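Work through the exercises below with the sequence and the coordinates at hand. Each task is followed by a stepwise solution.

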Amino acid sequence: MQNKTFAIIKPDAIENNNLGKIIDVIIANKFTILNARLTTMNTRQAEGFYSIHKERPFFKDLIFFMCSGPCMVLELEKINAVNEWRTLIGSTDPKEADNGTIRKDFAESKERNSVHGSDSNENAEIEINYFFKNEI
Ligand code: CMP
């Protein structure tokens with residue numbers, strides 16, 4: 001079944017001039033880009049988006065990094081989109097990511113890991129709504 005996922009091309013990827021290359025990978029892997037927007041998150045937006053991690057020790061650094069420059073938020077569609085995108089991006093830590101994944105090819109570290117992907121259909125809907133359906 002065609003379904004949707006939410007992706008972010010993060011500030012490190014843009015800073016390192018990898019935005020176009022990552023979009024090429026998205027298209028080569030037959031995702032349809034339904035929506036995309038370049039944005040620089042403010043603290044409130046980033047804290048809301050990552051609120052599930054607010055008790056984690058890395059939360060402050062994560063928010064600072066996500067607000068450090070522009071990122072691209074995307075709504076993607078494909079059959080089995082959530083799992084397909086998570087497989088394509090690879091493990092959170094690029095040192096553990098499989099060859100051929102986006103994080104293996106572009107990420108610097110677990111913190112500056114180039115891309116985000118929703119972890120379930122439910123969260124995909126919440127995250128798409130957060131950036132594309134609501135005024136934030
Ligand atoms: P992302 O998929 O955007 O979801 C949460 C983010 O938190 C994750 O990617 C990483 O960038 C970051 N993250 C997860 N675990 C750690 C960690 N142990 N240290 C620092 N950052 C982390």
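Helices (H or I, at least four residues) and strands (E, at least two) are DSSP runs, numbered from the N terminus. The model is a predicted one, in which local features need pLDDT of at least 70 and side-chain atom pairs count only at pLDDT 80 or more, while totals for chains, interfaces and linings use all residues. Residues are numbered from 1 along each chain as its sequence is written, and side-chain values use heavy atoms, with hydrogens and water left out.

**Exercise 1. Locate Asn-80, Asn-17 and Lys-30, and give the phi and exposure of each.**

Step 1. Asn-80 sits in the loop between β3 and α5. Its phi is positive, about 60 degrees, although Asn-80 is not a glycine. For exposure, buried means under 20% relative accessible area, exposed over 50%, and partly exposed in between (1.4 Å probe, protein chains only). Asn-80 has 34% relative accessibility, so it counts as partly exposed.

Step 2. Asn-17 belongs to the loop between α1 and α2. Its phi is also positive, near 60 degrees. With 63% relative accessibility, Asn-17 is exposed.

Step 3. Lys-30 follows just after α2 and has a positive phi of about 65 degrees. The loop that holds Lys-30 runs between α2 and β2 (32-39). Lys-30 is exposed, at a relative accessible area of 65%.

Step 4. For background, most residues other than glycine have a negative phi.

Step 5. Contact means heavy atoms within 4.5 Å. Apart from neighbours within four places in sequence, Lys-30 contacts Glu-77 and Lys-78. From Lys-30 to Leu-88 the C-alpha distance is 11 Å, across 58 residues of sequence.

**Exercise 2. Determine which residues of helix α2 are buried and how they are arranged.**

Step 1. Helix α2 covers residues 19-28, and its buried residues are Leu-19, Ile-22, Ile-23 and Ile-26.

Step 2. Viewed down the axis of α2, these buried residues fall within an arc of 100 degrees (taken over the directions from the helix axis to the C-beta atoms), so they line one face of the helix.

Step 3. Asp-24 and Ala-28, on the other side of α2, are exposed.

**Exercise 3. Describe the largest nonpolar core and the part α2 plays in it.**

Step 1. A nonpolar core is a set of buried Ala, Val, Leu, Ile, Met, Phe, Trp, Tyr and Cys residues joined through side-chain atoms within 4.5 Å. The largest has 18 residues, and those with the most contacts inside it are Ile-9, Ile-22, Ile-26, Trp-85 and Ile-102.

Step 2. Two or more residues come from each of β1 (2-9), α1 (11-15), α2, β3 (71-79), α5 (81-89) and α6 (102-106). The largest share, 4 residues, is from α2.

Step 3. Not counting residues up to four places away in sequence, Ile-22 touches Ile-9, Ala-13, Ile-102, Phe-106 and Val-115.

Step 4. A second, separate core has 17 residues, including Met-41, Phe-49, Phe-65 and Cys-71.

**Exercise 4. Identify residues around the ligand, list polar contacts and state how much of the ligand is buried.**

Step 1. With a heavy-atom cut-off of within 4 Å, the residues around the ligand include Lys-10, Tyr-50, Arg-103, Lys-110, Asn-113 and His-116.

Step 2. A polar contact is a pair of N or O atoms within 3.5 Å. Lys-10 places a polar side-chain atom 2.7 Å from a ligand oxygen atom. For Lys-110, a polar backbone atom is 3.1 Å from an oxygen atom of the ligand. Asn-113 has a polar side-chain atom 3.4 Å from a ligand oxygen atom.

Step 3. Taken alone, the ligand exposes 460 Å² (Shrake-Rupley method, 1.4 Å probe). The protein buries 81% of that area.

Terms used. A polar contact is a pair of N or O atoms within 3.5 Å; within protein, one must be able to donate a hydrogen and the other to accept it, and residues adjacent in sequence count only if both atoms are side-chain atoms.
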